[in-house]
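User: Could you take me through one part of this model closely, namely the second largest pocket, and then show me how its surroundings fit into the rest of the chain? I would enjoy a connected account that I can follow with the structure open.

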Amino acid sequence: MKHILPIVLFFSFQWLSAQVFDVETIKNSGNNDKRINLVILSEGYQASELAQFKTDAINFTNAMFNQSPFKEYTNYFNVHIIKVPSNESGADHPGTATDVTEPASPILNVDTYFNATYDSYGKHRLLYYEIDGFSSNNTQAKIMDVLATNFPTYDQALILVNSSEYGGSGGMFPMAYRGFWGNKVIMHELGHSLFNLKDEYYPGDILAAEAINMTQETDPISIRWKNWLGVNGVGIYQYTCTTGNCADWYKPHQNCIMESIDKSFCSVCKEGMVEKIHSLISPINSYTPISNSITSPTFPVDFQLNLINPIPNTLKSTWTLNASNFANDVDNISLTESDLNTGANTLTVAITDATTLLKVDNHDAFHVYTVTWDIDNSALGIKDITSNIANYNIAMYPNPTNTFLNFKFESDVDNTLKVDIIGLDGKRIKTITISNFQTNQVDISDFSTGIYLTNFYSKNILIASKKLVKN
Ligand SMILES: [Zn+2]
């Protein structure tokens, strides 16, 4: 996936001497354009220690991708390292912390590329790069310059520090020591920087906000993680502390890595992360045929998807030919002459993720990815095939509901979708047309209580089905 660097960066900092460093890919799941690219920069490793940096970065990456949901979506990520040499090893430790009796560790002052230092802002374990101040040291600009020169299409960069003493920090570029807990520190920080999660310890009034895993809502009917209540330890837990407006805020779990790094991500955080991965990366890596790649097609014609599979593979595919279901949950199909009409034919495959990490059945928003092939079939055989790819983000909420139901969708190709609401007896109760980027509201108060199916159609092709509960 391409990360677009702000244009201003190139104007503001082009005076900095752009140093070219050795870049190596240590985890390659596929083409960088189709993956989330994590980039690890070295700090406090001398040139002679860069082989050790690579080993540390590989161990760090392996530990991280052994944890859910990175583990399940490992194929969606590439990891690269930029080998930035420092003049000396380690990180500064000035002995100026106010939360311990100093000197709590040997005092160190070393010459390193990004000037990492412990005791930042008076905290012994706060290992950070910006303690000299944004303007005087300009380390953040220096990091951005290294990235712009060496790996400009990064999605998230982080810094691995050559120190065995526990420490780390978050922000734009998470930083961690190279020891055992380093990868957990980084995962917690990526929770913030890549996945928009909040701390599940009270982060203070300034950082308190409505988010995936933080809310002021206490009603179990409308709280954003309502689908998870009572599952895997998810509940509505008041933040515990004595300062500020802490008592107004609630979190979904009491054992989440967003509270304490010796824990794992809770179900609510995992769901938010999987949603984010789906919004960044399409599971369709490639497909064939692409438009007009077949010059003189003969039967049978093969249509093939190359998908980025989660582990275990939870992707579901629905193939539709001329508005009729043709096949399900296969990556390729073959069409014979008798399958096609003379003239125009439309073949569509829609991909969704049925992972249990998402509460799919009654989840508010879901992603659908489609490939459509228009096949022009004459009496003399196929004249040509054109293809289109599309992504949809569809939301249907609240669900369950007893009065109003809202539909929202975002698509790069369709301005409208048709929605059929169908009873369990197969009868169509209501058909509506919903518009892109708008909230489309439907009153279903006259529906009988029970379960319905909502079918979403793009140009009369079924792309998704979701369960709706009227209560
Ligand atoms: Zn959580």
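Analyst: Happy to. Let me set the scene first: the protein chain holds 6 helices and 22 strands, and the model is a predicted one. Along the principal axes, the C-alpha atoms of the chain fill a box of roughly 80 × 55 × 40 Å. The chain has 471 residues, and 50% of them count as buried. Among contacts with a separation of 6 or more, 63% are between residues 24 or more positions apart. The chain is divided into domain 1 (7-193), domain 2 (198-273) and domain 3 (282-470).

Now to the pocket you asked about. The second largest pocket has a volume of about 620 Å³. Its lining is made of 25 residues, and those closest to its centre are His188, Glu189, His192, Asp199 and Tyr201. Two elements give two or more residues to this lining, strand S5 (168-169) and helix H5 (182-193). Of these, H5 gives the most, with 4 residues. Sorted by class, the lining has 9 nonpolar, 9 polar and 7 charged residues.

Where does the second largest pocket lie with respect to the domains? Domain 1 and domain 2 both give residues to its lining, so the pocket lies between them. As for the remaining domain, the C-alpha centres of domain 2 and domain 3 are 34 Å apart.

From the open pocket we can turn to enclosed space. There are 3 cavities of 30 Å³ or more, and the second largest of the cavities has a volume of about 40 Å³. Its lining consists of Leu38, Ile40, Phe60, Thr61, Met64, Phe65, Val79 and Leu158. Strand S2 (36-43) and helix H2 (50-64) each supply at least two of these residues, with H2 providing the largest share, 3 residues. By class, this cavity lining has 7 nonpolar residues, 1 polar residue and no charged ones.

Next, the nonpolar packing. The largest nonpolar core has 68 residues, and Phe70, Phe77, Phe303 and Trp373 have the most contacts inside it. To see what surrounds one of them, take Phe303: leaving aside neighbours within four places in sequence, its contacts include Trp319, Ile333, Leu335, Leu347, Trp373, Ile375 and Ile385. Thr288, Pro289, Asp331 and Asn332 are also among the contacts of Phe303. A second, separate core has 25 residues, including Tyr113, Tyr118, Ile143 and Met175.

Two of the contacts of Phe303 lead us to the backbone. Thr288 and Pro289 are joined by a cis peptide bond, with omega about -5°. Pro289 sits in the loop between strand S9 (284-288) and strand S10 (301-307). Another cis peptide bond joins Asn399 and Pro400, where omega is about 10°; Pro400 is in the loop between strand S16 (381-397) and strand S17 (404-411). For background, most peptide bonds are trans, and most residues other than glycine have a negative phi.

That brings us to phi. Tyr121 has a positive phi, near 50°, and is found in the loop between S3 and H3. With a relative accessible area of 55%, Tyr121 is exposed, because the cut-off for exposed is over 50%. Phe437 also has a positive phi, near 60°. The loop that holds Phe437 runs between strand S19 (428-435) and strand S20 (440-443), and Phe437 counts as exposed at 58% relative accessibility.

Pro94 shares a setting with Tyr121, as Pro94 lies in the loop between strand S3 (77-83) and helix H3 (134-137). Pro94 is partly exposed, with a relative accessible area of 34%. Not counting residues up to four places away in sequence, Pro94 touches Ile107, Leu108, Thr117, Tyr118 and Asp119. One of these, Tyr118, belongs to the second core mentioned above.

Two C-alpha to C-alpha distances may help you get your bearings on screen. Pro94 and Ser378 are 284 residues apart in sequence and 79 Å apart in space. Ser324 and Ile434, separated by 110 residues in sequence, are 22 Å apart in space. Ser324 itself lies in strand S12 (residues 324-328) and is partly exposed, with a relative accessible area of 43%.

Notes
Residues numbered from 1 in each chain as written. Predicted model: local features only at pLDDT ≥ 70, side-chain atom pairs only at ≥ 80, totals over all residues. Heavy atoms only, no water. 1 Å grid on protein atoms, 1.4 Å probe; cavity = no way out; pocket = protein on both sides within 12 Å on 5 of 7 lines; lining within 4 Å. Points joined across faces, edges and corners; volume = space filled by probe spheres on them. Nonpolar A, V, L, I, M, F, W, Y, C, P; charged D, E, K, R; others polar. Domains from an automatic or database assignment. Core = buried A, V, L, I, M, F, W, Y, C linked by side-chain atoms within 4.5 Å. Buried < 20%, exposed > 50% of the residue type's maximum accessible area, 1.4 Å probe, protein only. Contact = heavy atoms within 4.5 Å.
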